[in-house]
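Work through these exercises with the model open beside you. Try each task before you read its solution.

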Amino acid sequence: MTISYNTQLFPSNEEPLPSKTELLPGMIIRGRWNKSTYLIERKLGEGANGHVYLAVGDEDGKQIQYALKVGYSASDLQSEINLMKKLAPIVNRRPFFIDADDYMDGEDVCSFYVMQYVQGVSISEFIEKKGTEWLYLTGYYLLSRLSAIHQRGFAFCDVKPSNVVVSAYGQVELIDYGGASPFGKSVRQFTELYDRGYWNCGSRSADSGYDLFAFCIVFMQLAGAILPGKGEVEVLLPHNRSKTELYEAIKGCPACHIVAPVLHGMIDGTYTDSAKVLEEWKNRMHTIGIVPKQDIKIPWLGGLAVVSVLILTISIYVTFN
Amino acid sequence: MDMIKQIILVTDGCSNVGTSPVVAAAHAYAEGIVVNVIGILDHGDLGQRGAFEVGEIARAGGGLSRLVHAHQLSQTIQMMTRQTVACTIRQTVQEELKKIMTTKQMNQPTTDPIEVLSPQQRAQVIEVMDEMVETVSLRMSLLLDTSASMKSKWSAVIEAIHDLGLSLQARQGANEISIYRFPASSAHKLACEKLLHPTNQLAKMGELFYNLEMRGTTPSGPAILEVVRDMIQEYNGTYSKDKIQAQPRHNRDGLLSDYIV
């Protein structure tokens, strides 16, 4: 779960603190177990339990850019590594997850792992920049990523735009596997707005329906649906968070219409198999439309039609006389 | 470890009656109960003194403290509970590991023994720990400030109770939660009163706490002590005999109707 606290006076004694020194561009780290070396290029960002860097490493004699995450605590990071090992996909015929190791910073042991560097932007940025034409395709890719995780008996859980990276031509990768939970267990990490429990639409146990619900909210947001209470400082009252409110939002969003039955199913929790959802999504894309329907309203178009018919009539009349 | 015990104190003010809450929290910790504290910021009389106290109570109680706005309450309680469970498991495992390891393997006594393990061993240990987090029994008490200034935040509190119920229900391990409020209503002699006996059916309980009389002093210290006493008694007495989930439903309802003003 991602929470940002406005005020936190005392970092309490039990909290893992980002005590370890940050890595700087140009530094080289060497794994103490697997002996691989990585040259740090720059910091990419900060996650809930560590810093992420862009690093260059060696793969079969070639220099390759990786994303390298250094954890605040070895235990926390190991939990994520375990999940990555189980769930990370194959991307461009190479495993997404590359290496896990420790480097020594003086006496300190710093735990890190290495994954493929996906060049791209978050899905919300992508749609904003490239337009809603990409909506169904990126949605399809995201569903297929989730479905692959479901096949292994896990739910990704923290499905939200910032965890979904899209590269130039709409390919989707999930990042931050720290929230993934085995089916039947409790959801380990979530964000309120995308949480099934928060919307009074079901439990907080990990199953494929949990991810599909979160997907639905993400998709609705991307499609420009007006979610109830969006933008308010105070969160929604519980009675404003219900299936009916979400149905209404779908109804009022033209870009949602093509896939509306699928979205309804996601809200109702009628799907147990995400592979079926994927299939249905694809069918709807290909039979109804791959881009959102737009109501084109050009007021003078009707007039133009009348004129052209008139000209045709005149020309026919003239020709036959 | 058989069970994790925690108290979450939710307040928007500074204690002003009786024993110091910091001392009370230290007592709780000595009994193996972690004390977490949430200070609510909006329209409260928390002030600098109250904010400082919130941190001190949590430190004495071995727990976490957060100052948040009312609408963040659900998330905060949820997160604290999870953190408390995870940290307790981690500490227990670390201590066990330290016993096994020789001083040679640990270059410093303060080193986290997890870091000494090879990646393969580490992966296994963490896997077991993650499993324990999910399955260990959890016994928690929610201690709610019901002084007059809490009135405006009460709907957020009720929502947080509902939300906590959702999260606990999803856990595989046994959960029980009881709810107390302080100050007690005027008829009561004690500093706090029990609104809800230990239950694992929390999700539907929230609505029962509307219409509470909200006024009076803030006896945080005495209230913590009473909750601690209650938790110990329960643990030594009925608790060990018929374990968790043994609360008959009618009992709970009867009790509630007595207490709602």
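**Exercise 1: a helix and its cover**

Task: Find what covers the buried residues of helix 5 of chain A, and say which residues those are.

Solution. This is a predicted model. Start with the cover: it includes helix 4 (208-223) and helix 6 (260-268) of chain A. Next, go to helix 5 itself, residues 243-251 of chain A. Its buried residues are Leu246(A), Ala249(A) and Ile250(A). Now look down the axis of helix 5 of chain A: the buried residues lie within an arc of 100°, so they line one face. Finally, turn to the face pointing away from that buried side. Thr244(A) and Lys251(A) are the exposed residues there.

**Exercise 2: the layout of chain B**

Task: How many helices and strands does chain B have, and in what pattern do they follow each other?

Solution. Count the elements: eight helices and six strands. Then read along the sequence of chain B: β-α-β-α-β-α-α-α-β-α-β-β-α-α. Check burial next: 48% of the 261 residues of chain B are buried. Last, take the contacts in chain B between residues at least 6 apart in sequence. Of these, 80% join residues at least 24 apart.

**Exercise 3: confidence**

Task: Where in chain B is confidence lowest, and where is it highest?

Solution. Begin with the whole chain: chain B has a mean pLDDT of 84, and 85% of its residues reach 70 or more. Then compare elements. Helix 8 (residues 249-259) of chain B is lowest, with a mean of 37. Helix 1 (residues 21-30) of chain B is highest, at 97. Now scan residues 239-261 of chain B: pLDDT stays under 50 there. For this stretch the model has 25 contacts beyond four places in sequence. Close with the model's scores: ipTM 0.83 and pTM 0.84.

Technical notes: Residues are numbered from 1 along each chain as its sequence is written. Chains are lettered from A and ligands numbered from 1 in the order in which they are written. This is a predicted model: local features need pLDDT of at least 70, side-chain atom pairs count only at pLDDT 80 or more; totals for chains, interfaces and linings use all residues. Helices (H or I, at least four residues) and strands (E, at least two) are DSSP runs, numbered from the N terminus. A residue is buried if 20 or more other C-beta atoms lie within 10 Å of its own, exposed if 12 or fewer, and partly exposed in between; C-beta atoms are placed from the backbone. Two residues are in contact if their C-beta atoms, placed from the backbone, lie within 7 Å. The arc is that of the directions from the helix axis to the C-beta atoms. pLDDT is the predictor's confidence in each residue, from 0 to 100.
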